[in-house]
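Trainee: I'm new to this structure and would love a close look at a single part of it. Could you pick one residue, start there, and walk me outward through its surroundings?

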Amino acid sequence: TSVLEVIKNNISTYINSNANVKVIKSDIFDNQVFNNKKFDLIYENLPNIPISLIDQELDQDINSSSYIADASINNNYFSKYLLDLHYRFLKQCKTYMNISSSAICNIGVRFPLRVYEKLFEQFSYKHEVLVAGLKIQTEARDVIKGYLNAERQFNEQQFYYYSVEEMPKDLLNQRLIKPDKTELLNFLSKVKHFQIDMHDAYSAVLNNRNVAHLVFTTGIYNFG
């Protein structure tokens, strides 16, 4: 089943069984697809895993859904956090949003939270966290090796993970739905006790221990 069919089925099942919804896919805001159209809902799940630093074939395993650095969208501050694609999406998004429309951004947060806030504030978006939680890293050896190389490339410590070995299961599995500020800060305070740097994360996975990262699903809104 294609992703587009899953989206249509979810809308029909969970929102409105009679909804007349047209769903399209695009490589970010491809001019041939968008052609100056405006939309009621835009969804992105762009990668920020450093594929360019992983020594594998482009279409293999994790690489098929990984970040590729692009000098044409390099924006300095966010580039060193491998957020070029999210930056580009947010920069262009409002152009294609109807008044009173929304966009949904999924971001794996392996970087300081101040960077996440700055990313949305850069374009003066009204935004809120719709879902927050932890996700165990898949294909962790390759992914974390890529982040270690990225840290060396930018010459500063900037990425981190969370050790799950001693983390309470209810915390690992917790999903916050539209949390208020107090609820979100309380969750982040709890998980911070298990935060580890990339070297410790790589050591953990080499010893067959799981590590996790934060995932935020964020809603942004255009009120005209």
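Mentor: Happily! Let's start with Thr217, which counts as buried because its relative accessibility is 15%, and buried here means under 20%. Please keep in mind as we go that this is a predicted model. Thr217 sits in strand S7. Setting aside neighbours within four places in sequence, Thr217 touches Ile104, Cys105, Asn106, Glu128, Val129, Leu130 and Val131.

Now step across to Ile107. Along the chain, Ile107 and Thr217 are 110 residues apart, yet 6.5 Å separates their C-alpha atoms. Ile107 belongs to strand S2, and at 1% relative accessibility it counts as buried. Beyond its neighbours within four places in sequence, Ile107 has contacts with Glu44, Asn48, Leu83, His86, Leu119, Phe120, Leu214, Val215 and Phe216.

Strand S2 also offers a contrast. Ile99 lies in S2 too, but with a relative accessibility of 63% Ile99 counts as exposed. Ile99 has a distant partner in sequence as well: Tyr221 is 122 residues away along the chain, while the two C-alpha atoms are 8.7 Å apart in space.

Two of the contacts of Ile107, Leu119 and Phe120, lead us to helix H4. This helix runs through residues 113-121, and its buried residues are Val115, Tyr116, Leu119 and Phe120. These four are on the same side of H4, because they cover an arc of only 130° around the axis. What do those buried residues pack against? Their partners are helix H3 (84-93), strand S2 (97-109), strand S3 (126-136) and strand S7 (211-222), so our starting strand turns up again here. On the face of H4 turned away from the buried side you will find the exposed residues Arg114 and Glu121.

Just beyond H4, have a look at Ser124, in the loop between H4 and S3. Ser124 counts as exposed, at 62% relative accessibility. Its phi is positive, about 55°, although Ser124 is not a glycine. As background, most residues other than glycine have a negative phi. Leu82 is another residue to look at in this respect: its phi is near 60°, again a positive value in a residue other than glycine. Leu82 is found in the loop between strand S1 (39-44) and H3. Is Leu82 buried or exposed? With a relative accessible area of 4%, Leu82 is buried.

From there we can move into H3 itself, to Cys93. At 0% relative accessibility, Cys93 counts as buried. Leaving out neighbours within four places in sequence, Cys93 is in contact with Phe29, Ile42, Ala103, Tyr125 and Ile220. Among these, Ile220 is 127 residues from Cys93 in sequence, with 9.7 Å between their C-alpha atoms.

Strand S7 has one more neighbour to show you, helix H8. In H8, Met198, Ala201, Ala204 and Val205 are buried. Seen down the axis, these residues fall within an arc of 120°, so they line one face of H8. The elements covering them include H5, strand S4 (160-163), strand S6 (195-197) and S7.

Of those, helix H5 deserves its own look. H5 (residues 140-154) packs with H8 (residues 198-206) at an angle of about 155°, and their axes are 10 Å apart. That angle makes H5 roughly antiparallel to H8. The crossing of H5 past H8 is left-handed. From H5, the contact is made by Ala140, Arg141, Ile144, Lys145, Tyr147, Leu148 and Glu151, and from H8 by Met198, His199, Ala201, Tyr202, Val205 and Leu206. Sorted by class, the contact of H5 with H8 holds nine nonpolar, one polar and three charged residues.

Finally, let's step back to the whole chain. Its secondary structure amounts to eight helices and seven strands. Of the 224 residues in the chain, 44% are buried, with Thr217 one of the residues that count as buried. We met several pairs far apart in sequence, and the overall count speaks to such pairs too: among contacts in the chain with a separation of 6 or more, 78% are between residues 24 or more positions apart.

Conventions
Residues numbered from 1 in each chain as written. Predicted model: local features only at pLDDT ≥ 70, side-chain atom pairs only at ≥ 80, totals over all residues. Heavy atoms only, no water. Buried < 20%, exposed > 50% of the residue type's maximum accessible area, 1.4 Å probe, protein only. Helix = DSSP H or I, 4+ residues; strand = E, 2+ residues; numbered from the N terminus. Arc of directions from axis to C-beta. Contact = heavy atoms within 4.5 Å. Axes fitted to C-alpha atoms, helices over the stretch in contact; angles between N-to-C directions. Parallel < 35°, antiparallel > 145°, perpendicular 65-115°, else oblique. Left-handed = near helix turned anticlockwise from the far one by under 90°. Nonpolar A, V, L, I, M, F, W, Y, C, P; charged D, E, K, R; others polar.
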